[in-house]
Amino acid sequence: MSSIIRFFRKPCLTDAQLRQILLELKKENLETDVLEIDSETCYNVEITKALDPDQKKRLKWILSETFEQENFGESPFLSASADDPTQWLFEVGPRLNFATAWSTNAVSICEHCGLDMVIRVERSKRLLVKTGTDASVLTKDFKAAFLAHVHDRMTQCVYEKPIESFKLDIQPESWLEVDVLGKGRQALVDISRQMGLGYDEQDLDYYTRLFVEDLKRNPTSVECFDLAQGNSEHSRHWFFNGKIVIDGVDMPETLFSMVKKPVKLNPRNSTVAFKDNSSAQKGFSFKAFQAGGEQVGNAKVYGLIEKEYDLTLTAETHNFPCGVAPFPGAETGTGGRLRDGMATGKGSLVVAGTAAYCVGQLHIPGYDQPWEDASWRYPPNMASPLKILIEASNGASDYGNKFGEPIIQGYVRSFGANIPLRLSGGQSADG
């Protein structure tokens with residue numbers, strides 16, 4: 001049976017990060033007369049058996065910094081009295097439904113260090129806010145705003161108590177049948193509103209006809225959800241490949257065939273287009289120093305090998321995820337685009353990346369611009385444009401750094417848009 005052990009390292013947030021949070025709170029007209037803020041990282045480690053002294057030493061070496069060993073320990077550095085209204089100690093971390101990508105990497109490192117009993121590691125943040133003698137600062141609004149600046153509510157949550165297990169006592173929601181045969185189109189309207197499926201008029205008309213006239217049965221809630229995902233911005237080929245009808249006349253081409261037409265008429269240097277994970281252009285021949293010469297036993301001698309590489313190019317947007325959760329949204333966007341480039345042909349080598357952002361008015365503190373409307377408020381479920389630029393940029397760089405991909409170019413546009421646009425592009429070499 002598994003158990004969880006905890007380790008702590010301080011600080012979690014830098015002084016500059018904490019000052020920025022207080023500055024943002026001040027912009028929101030919240031009292032920021034805070035005396036002190038301390039932070040620490042908590043590592044929640046799930047193990048299948050107890051660690052012996054040598055194994056614990058190895059685990060502590062992995063989790064701690066090379067220097068400042070005094071800032072790492074098995075006990076919390078922060079504590080607050082429950083009876084003291086001038087102190088607020090809280091902990092935020094990833095939702096426990098799924099293991100994070102960071103945990104997957106950490107577990108892999110542990111396995112390579114002989115710690116195969118470590119099966120999950122999740123980081124949480126613990127912060128202690130002190131107000132001296134003024135307890136009135138720690139209002140409900142202040143706490144809510146402060147939490148919004150130190151955690152992502154889509155992927156993280158507040159821990160009411162220290163984690164004792166990663167297992168959640170959650171029962172799967174039961175599916176239901178949507179009575180389209182009995183209620184017609186209105187049944188789909190209702191389930192779309194109830195589940196937030198976002199069906200438009202065309203969807204409602206088509207699915208009603210599909211189930212009533214063709215399939216002659218009711219759909220399930222699972223099918224309705226699946227259809228909504230198929231219509232998301234990540235999967236529009238069905239739309240671009242759809243038949244075009246103008247004034248009752250079928251057009252000879254689809255939108256996608258129009259997009260493909262130029263490369264068919266004049267392929268020139270294009271070696272891969274519309275048939276793999278990314279496109280490719282004719283590259284160049286060169287000599288690479290690598291194994292591949294004379295065979296010696298089970299190994300090959302290193303030498304200059306004649307190689308020919310094509311250049312792969314791919315790009316994709318990741319707009320809504322970056323608008324809701326900028327850092328992880330940009331990470332997954334970069335990761336998906338990296339996968340596309342690396343999976344082309346027999347496999348490609350990562351070369352460099354591009355990042356582009358189109359966001360709303362920035363409202364940089366202390367840097368007001370005449371075209372910015374201070375009265376405009378962004379939707380509460382979206383990150384601010386400035387936060388998107390900072391955190392999405394950090395997320396894209398973070399994921400690229402893990403694969404050795406530098407971002408070497410890009411652009412930023414700021415105007416009064418509600419939904420941000422975030423583009424990730426990349427170039428690889430395919431041999």
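Q: Which residues does F146 touch, not counting residues up to four places away in sequence?
A: Happily, this predicted model lets us list them. Leaving out residues up to four places away in sequence, the contacts of F146 include W88, F90 and V129. Together with those, the list holds I21, L25, I37 and L127.

Q: Which element gives the most residues to the largest nonpolar core?
A: Let's start with the core itself: it has 18 residues, and W88, F90, L127, V129, F142 and F146 are those with the most contacts inside it. Two or more residues come from each of α1 (15-27), β4 (87-94), β5 (118-130) and α4 (140-150). The top contributor, with five residues, is α4.

Q: How many residues are in the second, separate core?
A: Apart from the core just described, there is another one to look at. Its members include F7, Y43, C110 and L115. The size of this second core is 15 residues.

Q: Is C42 buried or exposed?
A: A residue counts as buried when its relative accessible area is under 20%. For C42 that area is 0%. So C42 is buried.

Q: How many disulfides does the model have?
A: A disulfide needs two cysteine sulfur atoms within 2.5 Å. The sulfur of C42 has its closest cysteine sulfur in C12, 10 Å away, so that pair is too far apart for a bond. For C358, which is buried at 13% relative accessibility, the closest cysteine sulfur is in C322 at 12 Å, again too far for a bond. The count of disulfides is zero.

Key:
Residues are numbered from 1 along each chain as its sequence is written. This is a predicted model: local features need pLDDT of at least 70, side-chain atom pairs count only at pLDDT 80 or more; totals for chains, interfaces and linings use all residues. Side-chain values use heavy atoms; hydrogens and water are left out. Buried means under 20% relative accessible area, exposed over 50%, partly exposed in between (1.4 Å probe, protein chains only). A nonpolar core is a set of buried Ala, Val, Leu, Ile, Met, Phe, Trp, Tyr and Cys residues joined through side-chain atoms within 4.5 Å. Helices (H or I, at least four residues) and strands (E, at least two) are DSSP runs, numbered from the N terminus. Contact means heavy atoms within 4.5 Å.
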